[in-house]
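Reader: Can you walk me through this one? I'd like to start with the ligand and then move to the fold.

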Amino acid sequence: MEVQQSKHSANASVTVAPHRSVHDPDNGHFRALTLHAEDPDCVKAARDMVGCYLQTWGLTYAVDDARLVVSELVGNAVHHAVPDNRLAMPGAARRIDVWLMTYPDLLGIGVSDEDSTPPDLPAGEFISPELAGDFIEALLPDRGRGLFIVQRLADAVWWSPGLNGGGKTVWCRLDLDRLWAEHSA
Ligand SMILES: Nc1ncnc2c1ncn2[C@@H]1O[C@H](COP(=O)(O)OP(=O)(O)O)[C@@H](O)[C@H]1O
Ligand SMILES: [Mg+2]
């Protein structure tokens, strides 16, 4: 623990937490990207950004899963998010923020949009193959597969409301040790 002299008194000393710099790779990595849902290459830009930074950070083994996860989450923001203030700002671009972070054995991916409606996170596998019988369509519905895939790839998936009372972020956490073990198996 680092001890620093107080700014206010030459005689008093205070104990402060060691300063963690975001520029020190030992403290993890952080990148953010702002997109507009109207951009035709919006999902590709998010996917490429995530792939590119993970490569740069030496996390090649996490690239495939992370690209798929971010594609689904940004795709959802594009297709499902209706901004809370859409009536106040007709025609305005819809903002999407992508957050990518590692610390130190975890990879976090977040996608924020301007819609405070929560995502419809799957509760689990409620249709077993036995129950579905010959009706294979029951296992392959037309919608609702994206977050199911994300849940399968990630170690945790959740959402949080936007900080200023609007919008939300859908988050997922991938454990790098697990990804590395699966990659090396
Ligand atoms: N960012 C989002 N904003 C609002 N609703 C969302 C968002 N993401 C997902 N949802 C809701 O959750 C549902 C399930 O998402 P998903 O599993 O990706 O299936 P799909 O996109 O095929 O409908 C969506 O149909 C939508 O109703
Ligand atoms: Mg989807």
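Author: We'll take the ligand shell, then a helix, then the sheet. Keep in mind that this is a predicted model.

Reader: How many residues surround ligand 1, and which are the closest?

Author: The count is 17. The closest are Asn76, Pro119, Asp120, Gly146 and Leu147.

Reader: What's the mix by class around ligand 1?

Author: The shell has 6 nonpolar, 5 polar and 6 charged residues.

Reader: Which helix gives the most to that shell?

Author: Helix 2 does, with 4 residues. Helix 2 (63-80) and helix 4 (146-153) each supply at least two.

Reader: Tell me about helix 2. What is its reach from first C-alpha to last?

Author: Helix 2 spans 25 Å over 18 residues. That is close to the 26 Å expected at 1.5 Å a residue.

Reader: Which of its residues are buried?

Author: Asp65, Ala66, Val69, Val70, Glu72, Leu73, Val74, Asn76 and Ala77 are the buried ones in helix 2. They pack against several elements, including helix 1 (42-56), helix 4 and strand 4 (95-102).

Reader: Switching to the sheet. What's the strand order?

Author: The order is 3-4-5-7-6, in an open sheet of 5 strands with antiparallel pairing. Strand 3 (29-36) and strand 6 (156-161) are at the edges with a single partner strand each, so one side of each has no neighbour in the sheet. The twist averages 15° from one strand to the next.

Reader: How many bridges join strand 5 and strand 7?

Author: There are 8, in the antiparallel sense. Gly110, for one, has Trp171 of strand 7 as its bridge partner.

Reader: And which strands does helix 5 touch?

Author: Helix 5 packs on the sheet against strand 5 and strand 7. Its direction makes about 50° with that of strand 7.

Methods. Residues are numbered from 1 along each chain as its sequence is written. Chains are lettered from A and ligands numbered from 1 in the order in which they are written. This is a predicted model: local features need pLDDT of at least 70, side-chain atom pairs count only at pLDDT 80 or more; totals for chains, interfaces and linings use all residues. A residue is near a molecule or strand if its C-beta atom, placed from the backbone, lies within 6 Å of it. Ala, Val, Leu, Ile, Met, Phe, Trp, Tyr, Cys and Pro count as nonpolar, Asp, Glu, Lys and Arg as charged, and the others, Gly among them, as polar. The expected span of a helix is 1.5 Å times one less than its number of residues. A residue is buried if 20 or more other C-beta atoms lie within 10 Å of its own, exposed if 12 or fewer, and partly exposed in between; C-beta atoms are placed from the backbone. Two residues are in contact if their C-beta atoms, placed from the backbone, lie within 7 Å. Two strands pair if DSSP finds at least two bridges between them. Axes are lines fitted to C-alpha atoms, for helices over the stretch in contact, and angles run from 0 to 180 degrees between N-to-C directions.
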